[in-house]
Amino acid sequence: MVFLNWHVKENNWSFTMAFIFTVTKCANEIEEFRYRFLDGEVVLYESIDTSFTYLDKETELFKVVNVPMQDTIEKFVQLATVTAENQKERFTRPVENDVYQFSALPWITFTHISHTDFGNREKAQPIFDWGKYQEREDKFMMPFAVQVHHAFVDGIHIGKLADKLQRYLDEV
């Protein structure tokens with residue numbers, strides 16, 4: 001769980017887009033989250049971009065939207081929003097190696113989530129999920145799940161991400 005002390009509405013930002021930026025920013029600061037396999041070799045990317053699901057409210061079908069990371073939350077939220085709203089295709093290309101994958105579940109809260117693994121040992125893109133927030137003891141709490149390739153990321157690195165993420169949320 002992460003604690004939400006965040007005022008995205010004051011900035012007129014989409015929570016989803018702002019949170020994707022925040023997680024990407026924090027994960028990019030931890031080297032282990034930027035390792036991938038490429039053609040059987042280990043590579044370290046300087047920066048990782050984003051790939052997220054986006055719901056078409058009319059059809060209730062999701063599309064996968066790919067947006068490069070930006071240097072500010074304002075630029076990212078603007079680009080991600082425009083890209084998601086204007087993209088007509090459900091999939092524009094296979095998910096690249098140098099992305100973090102995101103999937104929001106704002107309709108439910110959860111204590112655990114897992115994704116189907118098709119047995120590709122070289123698939124190392126972390127997947128981040130979050131669910132419906134709830135108020136508890138005068139704090140807003142939100143479930144947050146991280147799925148990683150254990151060859152690169154261990155519990156200590158997920159702990160570092162959780163600390164960075166919470167500090168960022170507390171400061172904004």
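**Inside a predicted fold, starting from L161**

Q: Buried or exposed: which word fits L161?
A: This is a predicted model, where local features need pLDDT of at least 70, side-chain atom pairs count only at pLDDT 80 or more, and totals for chains, interfaces and linings use all residues. Residues are numbered from 1 along each chain as its sequence is written, while side-chain values use heavy atoms and leave out hydrogens and water. With a 1.4 Å probe and protein chains only, under 20% relative accessible area means buried, over 50% means exposed, and in between is partly exposed. L161 has a relative accessible area of 1%, so L161 is buried.

Q: Which residues of α3 are buried?
A: L161 lies in helix α3, and helices here are DSSP runs (H or I, at least four residues; strands are E, at least two), numbered from the N terminus. An α-helix has 3.6 residues a turn, so residues three or four places apart point the same way. The buried residues of α3 are H157, L161, L165, Q166, Y168 and L169.

Q: How far does α3 reach from its first C-alpha to its last?
A: Helix α3 covers residues 155-171, which is 17 residues. The expected span is 1.5 Å times one less than the number of residues, and for α3 that gives 24 Å. The model's helix is close to this, at 24 Å.

Q: What separates the C-alpha atoms of L161 and A27?
A: Along the chain, these two are 134 residues apart. A contact needs heavy atoms within 4.5 Å, and L161 touches A27, along with V23, C26, I30, F33, F128, F144 and V146, leaving aside residues up to four places away in sequence. The C-alpha atoms of L161 and A27 are separated by 6.1 Å.

Q: How many aromatic pairs are there?
A: Rings of Phe, Tyr and Trp (its six-membered ring) pair if their centres lie within 6.5 Å; planes under 30 degrees apart are stacked, over 60 edge-to-face, the rest tilted. By this rule, the count is 13.

Q: What sort of pair do F19 and F144 form?
A: Their ring centres are 5.8 Å apart, with 85° between the planes. F19 sits in helix α1 (residues 15-28) and F144 in strand β10 (residues 144-147), 125 residues apart, and the pair links these distant parts of the chain. Both residues are buried. By its angle, the pair is edge-to-face.

Q: Why is the F128 and F144 pair called stacked?
A: F128 lies in strand β7 (residues 127-131) and F144 in strand β10, so their pair ties together parts 16 residues apart in sequence. Both are buried. The ring centres are 6.1 Å apart and the planes meet at 10°, so the pair is stacked.

Q: Which element gives the most to the largest nonpolar core?
A: A nonpolar core joins buried Ala, Val, Leu, Ile, Met, Phe, Trp, Tyr and Cys residues through side-chain atoms within 4.5 Å. The largest one has 36 residues, and F52 and F128 have the most contacts inside it. α1, β5 (61-67), α2 (73-86), β6 (99-105), β7 and α3 each supply at least two residues. With eight residues, the top giver is α1.

Q: What is the radius of gyration of the protein?
A: The protein has three helices and ten strands. Taken over C-alpha atoms, the globule rule is 2.2 Å times the number of residues to the power 0.38. For 172 residues that rule gives 16 Å, and the protein is close to it, so it is as compact as a globular protein of that length, with a radius of gyration of 16 Å.
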